[in-house]
Amino acid sequence: MTSNQDVFKPFALPRLAILGGGPGGYEAAMVAASMGSEVTIVERAGMGGSAVLTDVVPSKTLIAAAEAMNRSIDSTELGVSFNATDGNPKAAMKADLKQINERVMRLAREQSTDIRRGLEAVGVKIIIGTGRLLDNRTIEVDRGETKEIIKADAILVAVGAHPRELATAQPDGERILNWTQIYNLEELPEELIVVGSGVTGAEFASGFNGLGSKVTLISSRDQVLPGEDSDAAAVLEDVFARRGLRVLSQSRAEAVERTADGVIVTLGDGSQITGTHCLVCVGSIPNTTDIGLEAAGVEVTPTGHIKVDGVSRTSAPNVYAAGDCTGVFALASVSAMQGRIAVAHLGGDGVRPLKLNQVSSNIFTSPEIASVGVSEADLASGKYQGDVIKLSLQTNARAKMRNVNEGFIKIIARKGSGTVIGGVVVGAGACELIFPIALAVTQKLHVDDLANTFTVYPSLSGSIAEAARRLHVHM
């Protein structure tokens, strides 16, 4: 990769052009504008990109509705009753998918509008159109009837990705769907088949199961969520089974066909399963085709992802990249961090390269699964040496009060030093509970620092301190 380390020196007003208005683009724009830069964003759909309009915000909003239903149904154990004639609380509840999806898309549009207003308030120029790099300092924007040329001192490419499709399972937006089309449905799928047991597939399977669909999840691996903590995946599979969600492990979908009133999915062994709808979640493809990367001198990988270093530089002088198009981590938080790092490096500000072992992530299934830093798989491979403690939430007083029957806190400490290097949280609100562990990983805190910090009693976070106490080494 060509180095452009010395191309930029600190200067007051670099002109920055950003191709893509997702988290990597709009976060970079906000920071650059605050530093006095002249910033232009080119976005073809709307501010927030797919993360806000068709991916993260919509999916988590839909999942929030499912979680509300799950909590309500489980609350019968707390003494809350429903007027269910057959004694089944789930039968007394119904998900209005049309109303849910209308709310989903309304919130997405509102979030996009809020982002646009925030950008315009700090002086960022926004151009809606399709952009293409002419060289490493120029973007041509096709606005339909007109074209516009944008000159800049530096360019940030943050064009995101789109759903990968199977040649034998082409989406029609009605019965065979990708995850951007699921919000077009007005009625809850009676029998939903989800192809793919990665994060997206598991989240939608969990969500639609919670809303009341009969769900079958097709997984090509031994366990759902391949690559994630195996203990966490096992808990999720147990919950899926208890809630009637069927997982077909070690199965591969070869084809999906539409029938008169549903779909047929053909598996690798020749067997077939039927349903009313099929959601295909088999990964994503970066939006890097035909955007002028070659003309600008930007190298890509065989998968089409843009090659970047720790400070978001590409192989081309003056060109940076951030987000899903880089293939680093498909997380909005990572996209945003890459964008901010790029601007800091561009402006000569203090910059810390992206450290992937400090990235915290969350899977919004029910229960949620959050993780950060070193994993047990890393320990098993010999990459790190560490001590692990896993503490079930079933012993936590607050969990008992809230009728939380599954989940755990896991903390990993470096062997010998006791420094916190990783952790996993499984349970309700895991996305919030992972933060103190992520803070400990980032700041290289000792397990005693967590253990000796006051927590509220009763609270789920109390189990974090308790797990840390069990990792204390007596001197």
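The exercises below work through domains, annotated sites and helices of one protein chain.

The model is predicted, so that local features require pLDDT of at least 70 and side-chain atom pairs count only at pLDDT 80 or more, while totals for chains, interfaces and linings use all residues. Residues are numbered from 1 along each chain as its sequence is written, and side-chain values use heavy atoms, with hydrogens and water left out.

**Exercise 1. State how the chain is divided into domains, and give the separation of the centres of domain 1 and domain 3.**

Solution. The bounds come from an automatic or database domain assignment. Domain 1 is assembled from the segments 16–65, 97–162 and 285–356, whereas domain 2 covers 176–282 and domain 3 covers 367–473. Taken over C-alpha atoms, the centres of domain 1 and domain 3 lie 34 Å apart.

**Exercise 2. For the UniProt "binding site" that includes Val199 and Ala202, describe the spread of the set and the surroundings of these two residues.**

Solution. Step one is the record: an unreviewed UniProt entry lists Gly196, Ser197, Gly198, Val199, Thr200, Gly201, Ala202, Glu203 and Gly283 under this feature. Although these positions spread over 88 residues of sequence, they cluster in space, with a largest C-alpha distance of 13.4 Å. UniProt positions are given in the numbering used here, with feature names shortened, and annotations may be inferred rather than shown by experiment.

Step two is the location of the two residues. Val199 is found in helix 5, residues 199–211, and Ala202 is in helix 5 as well; here helices (H or I, at least four residues) and strands (E, at least two) are DSSP runs, numbered from the N terminus.

Step three is accessibility, for which buried means under 20% relative accessible area, exposed over 50%, and partly exposed in between (1.4 Å probe, protein chains only). Val199 counts as partly exposed because its relative accessibility is 34%, while Ala202, at 0%, counts as buried.

Step four is contact, meaning heavy atoms within 4.5 Å. Leaving aside neighbours within four places in sequence, Val199 is in contact with Leu225, Glu228 and Ile363. With residues up to four places away likewise not counted, Ala202 touches Gly196, Ser197, Leu225, Phe240 and Thr365.

**Exercise 3. Decide whether Lys60, Gly131 and Asp324, placed by UniProt under "binding site", are gathered or scattered, and characterise Lys60 and Gly131.**

Solution. The three positions again come from an unreviewed UniProt entry. They span 265 residues in sequence and the farthest two C-alpha atoms are 29.1 Å apart, so they do not all gather at one spot. From this set, Lys60 belongs to the lining of the second largest pocket. On a 1 Å grid over the protein atoms alone, a pocket is an open set of points with protein on both sides within 12 Å along at least five of seven lines, and lining residues have an atom within 4 Å of a point.

Lys60 sits in helix 3, residues 56–74, and counts as partly exposed at 21% relative accessibility. Beyond its neighbours within four places in sequence, Lys60 contacts Glu203 and Phe364; Glu203 is also one of the positions listed in the set of Exercise 2.

Gly131 lies in strand 4, residues 130–135, and is buried, with a relative accessible area of 10%. Its contacts, with neighbours within four places again set aside, are Leu19, Val42, Ile139, Glu140, Val141 and Ile291.

**Exercise 4. Describe helix 11 by its span, its bend and its buried residues.**

Solution. Helix 11 runs over residues 430–442, and its 13 residues reach 18 Å from first C-alpha to last, close to the 18 Å expected; the expected span is 1.5 Å times one less than the number of residues. A kink of about 30 degrees is centred on Pro436, where the bend at a residue is the angle between axes fitted to the seven residues ending there and the seven starting there. The buried residues of this helix include Ala430, Leu433, Ile434 and Ile437, and among the elements that cover its buried residues are strand 20 (368–373), strand 22 (408–414) and helix 13 (462–469). Just after helix 11, Lys444 takes a positive phi of about 55 degrees.

**Exercise 5. Give the span of helix 4 and name elements that cover its buried residues.**

Solution. Helix 4 has 25 residues and reaches 36 Å between its first and last C-alpha, close to the 36 Å expected. Its buried residues are Leu97, Ile100, Asn101, Val104, Ala108, Ser112, Ile115 and Leu119, and what covers them includes helix 1 (23–34), strand 2 (38–43), helix 3 and helix 5.

Notes: 1 Å grid on protein atoms, 1.4 Å probe; cavity = no way out; pocket = protein on both sides within 12 Å on 5 of 7 lines; lining within 4 Å.
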